[in-house]
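Let's walk through this one together, starting with a pair of sulfurs and working outward to the whole fold. Have the viewer open and follow along.

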Amino acid sequence: MQPSDVKALLESRVDGCEFHIQGEGCNFQVIAVGECFAGLTPVKRQQVIYGALSEEIASGALHAVSIKTFTPSQWQSAAENTGA
């Protein structure tokens, strides 16, 4: 899989989020930014993303997925937001 493939999957399955994907093969880093994360615990936030990718993880198409989630206001001041 390519980062663009992972991004397309997430965009089709999680509404109202912006995604920044890095990685290759079956190992990816996902940064998700959206209002949908407001009020959710860190675990619940990750479950949103893992749930959207569950088929690919189960099939082995995705093996290692690292996830960081932000609300838009958190993203404004996040160290990871370097113009991505």
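Before looking at the cysteines, one cut-off is handy: a disulfide here is a pair of cysteine sulfur atoms within 2.5 Å. Keep in mind, too, that this is a predicted model.

Now find Cys17. The cysteine sulfur closest to its own belongs to Cys36, and the two are 3.2 Å apart, so that is too far for a bond. Seen from the other side, Cys36 is in no disulfide either, with the sulfur of Cys17 as its nearest cysteine sulfur. Searching the whole structure gives zero disulfides. In general terms, a disulfide is a covalent bond that joins the sulfur atoms of two cysteines. How do the two residues sit with respect to the surface, buried or exposed? Cys17 has a relative accessible area of 14%, which means it counts as buried, whereas Cys36 comes out at 34% and is partly exposed.

Next, zoom out to the chain. The secondary structure adds up to four helices and three strands, and reading from the N terminus the order is α-β-β-α-α-β-α. What about the overall dimensions? For 84 residues, a compact globule would have a radius of gyration near 12 Å, and the protein chain agrees, with 12 Å. Along the principal axes, its C-alpha atoms fill a box of roughly 35 × 25 × 20 Å. Of the 84 residues, 33% count as buried. If you like contact maps, take the contacts with a separation of 6 or more: 53% of them are between residues 24 or more positions apart.

One concrete case of residues far apart in sequence involves Gly60, in the loop between α3 (54-59) and β3. Its C-alpha atom is 7.7 Å from that of Cys26, although the two residues are 34 residues apart along the chain. Gly60 itself is partly exposed, at 44% relative accessibility.

Finally, let's look for empty space. Rolling a probe the size of a water molecule over the atoms shows where such space is left. The largest pocket holds about 150 Å³. Which residues are closest to its centre? Out of ten lining residues, they are His20, Ile21, Gln22, Gln29 and Ile31. The elements giving two or more residues to this lining are the strands β1 (17-24), β2 (27-34) and β3 (64-70). As for chemistry, the lining splits into four nonpolar, four polar and two charged residues.

Note on methods:
Residues are numbered from 1 along each chain as its sequence is written. This is a predicted model: local features need pLDDT of at least 70, side-chain atom pairs count only at pLDDT 80 or more; totals for chains, interfaces and linings use all residues. Side-chain values use heavy atoms; hydrogens and water are left out. Buried means under 20% relative accessible area, exposed over 50%, partly exposed in between (1.4 Å probe, protein chains only). On a 1 Å grid over the protein atoms alone, a cavity is a set of points where a 1.4 Å probe fits but cannot get out, and a pocket is an open set with protein on both sides within 12 Å along at least five of seven lines; lining residues have an atom within 4 Å of a point. Grid points are joined across faces, edges and corners, and a volume is the space filled by probe spheres set on the points. Ala, Val, Leu, Ile, Met, Phe, Trp, Tyr, Cys and Pro count as nonpolar, Asp, Glu, Lys and Arg as charged, and the others, Gly among them, as polar. The radius of gyration is taken over C-alpha atoms; the globule rule is 2.2 Å times the number of residues to the power 0.38. Contact means heavy atoms within 4.5 Å.
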